[in-house]
Each structure stands twice: as C-alpha cells, then as structure tokens.
Amino acid sequence: MYRLALRITLSSQEAEDVVQDVIIKLWKMRDTLGGIDNIEAYALRMTRNLALDRQRMHVNQTESLDQLDTEPVAPVADNDVDERISIVRQAMNQLPEKQRTCMQLRDFEGYSYREIAEVLDITEDQVKVNIFRARQTIRTTLETNEQNH
C-alpha cells in the first residue's frame, strides 16, 4: 500500500498518511470485511483513491522521486547506469497517473493483470494497454537520451 501511495503522491510523508488512513478505515469496517472477495485489492483501491484525493488537494506540489526520503539505494559504480536510472525515474514521474500506477503494480509490486484491474476498477485489457504505453514512453525517452549523448 505504501509503495502505491508513494508512486501516486511522490511524497513519503503523504504516502505514510494515506496508508495510515486506509488502515484506520479498514479497522473501523472490520466487521463488514467478510463480505469482500479480495480484501487486498479492496485495500489497494482505497489506497489509490485516497492518494489521488490527497494529490488533487496538493496540485501545486511538484516534488520528484529524487527528493524523497526513501530507502537508500546502493551506489552504482557505472555513471551510465546511474544516469539511466535517473532518466527512468523522471520519465515515470511524467507518466499519466493510470499508466504510472499500472506499471508500479505490475513491474515493481508483481501483481497480475487481473489483480491490477480489480484495484483500479478497469478491464485487464485497459491494464495491458496502460502498461504497454508506459513502457513505450520510457523506452522512447531512454532511446532519445542515448541518441543525444
């Protein structure tokens, strides 16, 4: 839930608040959770919706992933690899929200297309299209950058 909220809000503090609020909501409705088929997907959908609501409230905030207080990444000896990682991060930050979220859930969280469709309340085909477009955008960004160097 945290990583999804972080990918949407681009703020570690905001993501922590989102997760805390979702957990509180789930706790308050614990007696009715038995009627939900997939509680994990339900919790992720709640996380996504709340993160989007908070993001809309902070429209003027333009913080990038590079400015976040996240887990430290082991230093990479190769500067080219460092640069590519930075380019990918920047490209991901520029993706439309649905593409960014689909890619996060699939490539970084390991969710299936069906699970992502449940979380985002879209079809599996829409998930696949969003992931394809996101990957294509990032690939194009990397290729353009390599051509310029």
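## Leucine 10 and the first helix

Leucine 10 has a relative accessibility of 10%, so it counts as buried, the cut-off being under 20%. You will find leucine 10 in the loop between H1 and H2. Its backbone deserves a look too: leucine 10 is not a glycine, yet its phi is positive, at about 60 degrees. This is a predicted model, so please read that angle as a feature of the prediction.

Leucine 10 comes after H1, and that helix is well covered. Of the 8 residues of helix H1 (residues 2-9), 6 are buried, which means that H1 is largely enclosed by the rest of the structure. The buried residues in H1 are Leu4, Ala5, Leu6, Arg7, Ile8 and Thr9. An arginine is on that list, and we will come back to Arg7 when we turn to the rings.

## The overall fold

Stepping back, the protein chain contains 7 helices and 0 strands. Followed along the sequence, its pattern reads α-α-α-α-α-α-α. The chain has 149 residues, and 36% of them count as buried. Among contacts with a separation of 6 or more, 65% involve residues 24 or more positions apart.

As for the outside, the accessible surface of the protein chain is about 9400 Å². Carbon and sulfur atoms account for 47% of that surface.

## How far to trust the model

The mean pLDDT of the protein chain is 82, with 85% of the residues at 70 or more. In the protein chain, confidence is highest in helix H2 (residues 12-28), at a mean of 92, and lowest in helix H4 (residues 79-94), at 81.

Which stretch calls for care? Over residues 60-77, pLDDT stays under 50. The model still has 22 contacts for these residues beyond four places in sequence. Where pLDDT is low, the predicted coordinates should not be read in detail.

## What helix H3 packs against

Two residues of helix H3 give a good view of its surroundings. Threonine 47 lies in H3, and because its relative accessibility is 0%, it counts as buried. Setting aside neighbours within four places in sequence, threonine 47 is in contact with Met1, Leu4, Ala5, Val18 and Val22. Of these partners, Leu4 and Ala5 are among the buried residues of H1.

Alanine 51 is also in H3, and at 0% relative accessibility it too counts as buried. Beyond residues up to four places away in sequence, alanine 51 touches Ala5, Ile8, Thr9 and Val18. Ala5 and Val18 thus appear in the contacts of both threonine 47 and alanine 51. Isoleucine 8 is 43 residues from alanine 51 along the chain, while their C-alpha atoms are separated by 6.3 Å.

## Helix H6: one covered face

In helix H6 (residues 113-120), the buried residues are Ile116, Ala117, Val119 and Leu120. Seen down the axis of H6, these buried residues fall within an arc of 165 degrees, so they line one face of the helix. An α-helix has 3.6 residues a turn, so residues three or four places apart point the same way. The cover over the buried residues of H6 includes helix H3 (39-57), helix H5 (97-108) and helix H7 (124-148).

Just after H6 comes aspartate 121, with a positive phi of about 60 degrees. Like leucine 10, aspartate 121 takes this angle although it is not a glycine. Is aspartate 121, in the loop between H6 and H7, buried or exposed? Its relative accessibility is 61%, so aspartate 121 counts as exposed, whereas leucine 10 is buried.

Further on, glutamine 126 belongs to helix H7. With a relative accessible area of 38%, glutamine 126 is partly exposed. Its C-alpha atom is 9.5 Å from that of cysteine 102, a residue 24 places away along the chain.

## Charges over rings

Where do arginines sit over aromatic rings? The charged end of arginine 30 is placed over the ring of tryptophan 27, 4.1 Å from its centre. Arginine 7, one of the buried residues of H1, lies over the face of phenylalanine 108, at 5.8 Å from the ring centre. Aromatic rings paired with one another come to a count of 0.

Notes:
Residues are numbered from 1 along each chain as its sequence is written. This is a predicted model: local features need pLDDT of at least 70, side-chain atom pairs count only at pLDDT 80 or more; totals for chains, interfaces and linings use all residues. Side-chain values use heavy atoms; hydrogens and water are left out. Buried means under 20% relative accessible area, exposed over 50%, partly exposed in between (1.4 Å probe, protein chains only). Helices (H or I, at least four residues) and strands (E, at least two) are DSSP runs, numbered from the N terminus. The arc is that of the directions from the helix axis to the C-beta atoms. Contact means heavy atoms within 4.5 Å. pLDDT is the predictor's confidence in each residue, from 0 to 100. Accessible areas come from the Shrake-Rupley method with a 1.4 Å probe; for residues, only the protein chains shown count as cover. Rings of Phe, Tyr and Trp (its six-membered ring) pair if their centres lie within 6.5 Å; planes under 30 degrees apart count as stacked, over 60 as edge-to-face and the rest as tilted. A charge sits over a ring if NZ of Lys or CZ of Arg is within 6 Å of the ring centre and within 35 degrees of the ring normal.
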